[in-house]
Amino acid sequence: MTLAQLRAVIETLGKWLAATTSLLFAVSRFLPSGQPGGYSIVENSWIQMFQMAFAKRLQFGRDIVFTFGPWGFLFGGYHPATYLISVVVWVVLAVVFWWAAWRVVTHFFKNPLVSWLWMMAVIGLASITAYVLIDARLTAWPVLLLLLHFSVEERAFTLTEAMLVVSLALLSLIKSSIFTIAIVTVLIIAADNVFRQRRFPWIVLAFAGGIFFFWVLAGQGITGFGLYLRGASEIVSGYTEAMMLQQPTDKVDIIRFWEVAIAVCALVGYVTCKQHRLFGVLPLLGFAFIVFAAFKHGYVRHDMHEIPETNLLLLAALLWLPAAWFADDARHAGTTLQKRDHQRRSAGRSGNAGPPEPLAPITTTNKNRSMTEKNRSRTGQNISRSAARARTPSSKAWRAKPASASRSKPISRRRWLVPAVLLPLIFAAPLASLSLRRYANVGLFSVLAQQLQVQNLLAPTKTFREFLEDRRHSFRAYNTYAAGLSAEKFANLDIHGSADVYPLSQTVALPQGLTCRPRPVFQSFSAYTPALAEMNAAHLRSDRAADHILFDVWTIDGRFPSQDDSLSWPELFTRYDIKRMAGQYILMEKSVTPRHYELIPIAETVAKFDEGINIPSMSGGPIWVRIDIARSLWGNVMTTLYRPPRVSLTVFTRSGRAYGGRLITAMARAGFLLSPLVENRQSFFSLASTNWQRELADLEVTSARISTDGGKEVASQYKSPPVRVHFYRLDFQRQDLGQTR
């Protein structure tokens with residue numbers, strides 16, 4: 001064996017070793033944990049709901065309306081009924097992700113070690129999970145698709161792109177935000193197919209077909225897709241104001257994010273415009289939209305959501321680095337291929353099958369990366385077979401000239417270009433590490449190092465093997481876990497039938513004998529627009545309403561509590577009978593004969609921010625209020641680009657007490673109970689009784705004040721006068737609850 005042959009064997013073994021180890025690493029990192037619990041009560045509510053929704057084939061858009069789709073159980077969590085499906089799906093997704101990334105890196109790098117290091121870093125970053133958030137991994141799909149189409153593949157649609165697009169269709173049905181990003185990405189590539197490549201946009205059909213296939217596979221009705229989109233758009237439209245959360249470091253963090261984001265966008269723009277000139281604006285626009293969506297996700301609700309978005313910037317900088325490193329080569333090769341393709345089409349139209357005119361050679365500028373016969377054959381695959389048949393021996397001018405003919409200028413340019421293309425990566429790494437340290441108390445490189453520990457690499461596989469060995473034991477262990485939660489939350493509760501829990505629907509913690517029948521927006525604080533609140537109220541009026549309600553009053557983010565699911569409160573007072581207090585809940589049972597309620601208009605007023613508002617007496621009945629806070633055009637623009645100022649409501653009771661909370665303006669327009677002040681389940685219980693006025697006399701609201709953060713600085717974001725208040729009297733038949741406490 002000659003030295004050259006030995007070197008070729010070693011290189012081949014190195015490639016196989018790099019490919020195999022990186023594939024196993026991807027599968028290990030993408031596998032679900034297989035362990036129940038470990039989440040907060042809010043997260044556990046929606047995690048378990050999606051496991052149950054898939055297992056029972058609940059219809060999204062009708063039975064479930066949330067930020068996730070029918071495949072949302074893949075986002076995280078564990079249930080024995082869906083665990084095997086989760087494992088199979090994530091293994092397939094890991095293989096697709098690995099194959100696309102491997103296609104990218106081997107297109108640019110010959111060295112197996114460099115390829116392996118890049119693959120391990122990309123997979124490691126895509127595998128970082130902040131609590132239960134895997135948004136960076138999901139968003140990596142459209143970023144990788146843009147990179148593959150515009151910087152690697154020259155054909156209009158390839159098998160690798162097809163796999164990415166079909167799997168992206170599945171990911172779009174996990175979370176609605178990914179669906180929006182996927183739509184934009186597919187349309188960007190379709191526009192490139194039509195206007196630059198002059199080809200039919202097969203990617204649109206592949207994506208639409210994937211959506212249809214996975215929608216039906218999840219047990220969803222074909223006609224229900226429109227309802228799902230309508231519900232998802234309603235959730236998205238109200239998310240910014242309802243779920244926004246501020247931090248003292250907002251301004252500094254946002255500036256840091258956009259500094260890095262602009263650097264990464266500049267890198268993408270440099271690569272795509274260098275290769276495709278004016279058409280390079282298309283992928284830049286697509287990537288800029290992805291960055292904007294990441295900014296909204298990470299900094300509207302500025303908490304641990306920041307982690308996946310700063311991690312996404314680092315991942316994107318790493319993904320586009322190989323393309324930027326060889327941007328000069330890509331431009332020259334891409335231009336030559338375009339000329340060949342144009343010449344082939346011209347020859348075909350004229351009927352001339354003769355040899356094409358000699359073109360400039362395809363050369364590389366890196367002396368360690370001179371094009372081999374294998375590279376040339378791969379490049380030739382991008383030219384149609386008809387063009388290949390049309391070649392004659394006279395086309396030898398296509399072959400490469402000595403590299404020295406065109407090497408000097410690119411090499412001198414790369415001397416300053418190398419640090420420039422590394423800058424986005426250098427800037428993004430400390431930003432991602434800072435986010436992890438702030439919310440997870442661990443650094444970026446510590447997280448990546450932990451992923452390579454043997455016990456962490458083997459843990460998902462071990463859990464899956466144990467599950468396969470004794471599936472019955474897995475179900476028994478899960479039922480034991482659920483029984484523990486039930487005993488903690490619903491002790492000594494012996495009832496049967498269907499049930500729903502307010503403010504958070506529970507699936508795991510319900511006692512045996514009860515089945516979960518949730519309202520569409522199953523977390524009350526997420527019913528933050530009039531349409532969403534009306535969905536829940538309509539559910540209580542329908543025959544799908546649960547037999548029993550376990551009710552409590554609490555909310556998140558310091559909101560005014562009676563706003564959450566406010567339109568359902570009159571329905572609960574009149575369609576359910578209060579039976580007794582059951583631990584931390586009020587036990588309610590569906591009434592055989594529903595009662596009626598009426599909202600009677602009594603007054604109307606306008607006010608400015610920080611101006612006192614007199615509240616009518618509740619002597620004739622509880623006071624219901626609708627508050628219209630009108631934003632100006634500029635206010636709507638600011639809400640779209642970032643978030644609106646926080647609005648607060650402060651009420652003053654007869655006893656002299658002041659109580660304040662966040663006011664969600666969309667829910668304020670729908671209406672909510674203002675007086676008496678209902679701040680817990682005890683006051684809700686008293687309001688339903690015939691003795692409510694005496695028991696809640698001290699909680700009567702006599703005046704209120706609406707204020708906003710920023711004072712005069714945000715006045716331009718609202719119309720004048722900004723506040724219009726409508727008062728109603730809530731009249732309904734009450735219950736004698738003297739013996740039920």
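**Close-up views of a predicted model**

**View 1. Looking for disulfides in this predicted model turns up zero of them.** The structure here is a prediction, and the count takes a disulfide to be a pair of cysteine sulfur atoms within 2.5 Å. Two cysteines are worth picking out while you're here. C265 is buried, at a relative accessible area of 15%. C516 is buried too, with a value of 12%. Both calls follow because buried means under 20% relative accessible area.

**View 2. Helix α2 covers residues 41-55.** Count along this helix and you get 15 residues. At 1.5 Å a residue they should span 21 Å, and the end C-alpha atoms of α2 are indeed 21 Å apart, so the two agree. How many of the residues in α2 are buried? The tally is 12 of 15, which makes the helix mostly covered. Among the buried ones are W46, M49, F50 and F54, and E43, N44 and Q48 are on that list as well. Step just past the end of α2 and you meet R57, which takes a positive phi of about 60 degrees.

**View 3. Helices α3 and α4 pack against each other.** Two packed helices are described by the angle between their axes and the distance between the axes. Here, α3 takes in residues 80-108 and α4 residues 112-126. Their axes are 10 Å apart and meet at an angle of about 140 degrees. Why is this pair called oblique? Angles over 145 degrees count as roughly antiparallel and 65 to 115 as roughly perpendicular, and the angle for α3 and α4 is about 140 degrees, so the two are oblique to each other. As for handedness, α3 and α4 make a right-handed crossing.

**View 4. V92 sits in helix α3.** Is this valine buried or exposed? Neither, quite: V92 has a relative accessibility of 47%, so it counts as partly exposed. Now find V27. Along the sequence, V27 and V92 are 65 residues apart, yet in space their C-alpha atoms are 8.5 Å apart.

**View 5. Helix α5 has a kink at W141.** This helix runs over residues 135-151, 17 residues in total. From its first C-alpha to its last, α5 reaches 24 Å, close to the 24 Å expected at 1.5 Å a residue. The kink is about 25 degrees and comes shortly before the proline P142. What about cover? In α5, 17 of the 17 residues are buried.

Terms used. Residues numbered from 1 in each chain as written. Predicted model: local features only at pLDDT ≥ 70, side-chain atom pairs only at ≥ 80, totals over all residues. Heavy atoms only, no water. Helix = DSSP H or I, 4+ residues; strand = E, 2+ residues; numbered from the N terminus. Expected span 1.5 Å × (residues − 1). Bend = angle between axes of the 7 residues up to and from the residue. Buried < 20%, exposed > 50% of the residue type's maximum accessible area, 1.4 Å probe, protein only. Axes fitted to C-alpha atoms, helices over the stretch in contact; angles between N-to-C directions. Parallel < 35°, antiparallel > 145°, perpendicular 65-115°, else oblique. Left-handed = near helix turned anticlockwise from the far one by under 90°.
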